[in-house]
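This report looks at charged side-chain pairs and where they sit in the fold.

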Amino acid sequence: MEPSPIDDREWCRAFIDHHCIFRAPPGELAITAQDGGVAAWQFYLPIAILNQEFARAVGRLFWLRYAEQFQREPFQLCGCESGGSLLVSVLQSRSFNVRPVNAFMIKKAATTYGLKNWLEGVVLPDMPVLLVDDVVGSGKTLTRRAQWLTCRGKEGAGLNVIGAFAIASCKQDEPTIDAGDRIHKVETLFKPSDFARLHEEYVRKYNKQPEFHGTVV
């Protein structure tokens, strides 16, 4: 018997909280933030996405949310490099009883060699696109990708972006993206307050020291 959505969601939340957050020790700001500043914690979701049980659970939760919409109006998935590229493969493979799902990847920037692609995979030009990433912060990354995908001519792909999905938001409860022609809500499974993000918060909540299980090279 398949786990319930509530069980899946709590299992995924706990897995991330215990295994997929790097927390700097008290008094230290050891992590360089994307804006060049420093931070006290950081999601590291490849640990989760590359875990088989987590992949199965997040796939069930995603299609519970999107299967009916997909049946009404099929869409393709676009994973944002690099976390979204991992996630989009999981979601495509876990599509269960829905019809075949096309998926492709959008890079952070076009390559300067070879085919100089922005996109990898096969893109269906007339099918709507749902953007996928592992984590959403301010929404700037997803917004840039959405605007490039929707722009027509040499500056974009001329696709119809219908929304975005991420496993977790690290800054906002209800993040949004500006796709150029409209504002979309980013659907997330988890908001920031679902986790004990700081070292001290984790110790208070779980009465033990946090452990980080990712590889740091």
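At 30% relative accessibility, Glu120 is partly exposed. The model is predicted. The partner of Glu120 is Lys107, and their side chains form a salt bridge with an N to O distance of 2.6 Å. This pair joins distant parts of the chain: Lys107 belongs to the loop between β6 (103–106) and β7 (119–121), while Glu120 is in strand β7, 13 residues apart. Lys107 has 10% relative accessibility and counts as buried, because the cut-off for buried is under 20%.

In total, the structure contains ten salt bridges. Three of them are listed below, among them the pair just described.

| Salt bridge | N to O distance |
|---|---|
| Lys107 and Glu120 | 2.6 Å |
| Arg65 and Glu187 | 3.3 Å |
| Lys205 and Asp17 | 4.0 Å |

Arg65 and Glu187 are joined by a salt bridge of 3.3 Å. Arg65 lies in helix α3 (residues 52–72) and Glu187 in strand β11 (residues 183–190), so that distant parts of the chain, 122 residues apart, are linked. Arg65 is partly exposed at 38% relative accessible area, and Glu187 is also partly exposed, at 23%.

Lys205 and Asp17 meet in a salt bridge of 4.0 Å. Because Lys205 is in helix α6 (residues 199–206) and Asp17 in helix α1 (residues 5–19), the pair ties together parts that are 188 residues apart in sequence. Lys205 is partly exposed, with 47% relative accessibility, whereas Asp17 is buried at 0%. Both residues also belong to a network of salt bridges that links Glu10, Arg13, Asp17, Arg23 and Lys205.

Definitions and conventions:
Residues numbered from 1 in each chain as written. Predicted model: local features only at pLDDT ≥ 70, side-chain atom pairs only at ≥ 80, totals over all residues. Heavy atoms only, no water. Helix = DSSP H or I, 4+ residues; strand = E, 2+ residues; numbered from the N terminus. Buried < 20%, exposed > 50% of the residue type's maximum accessible area, 1.4 Å probe, protein only.
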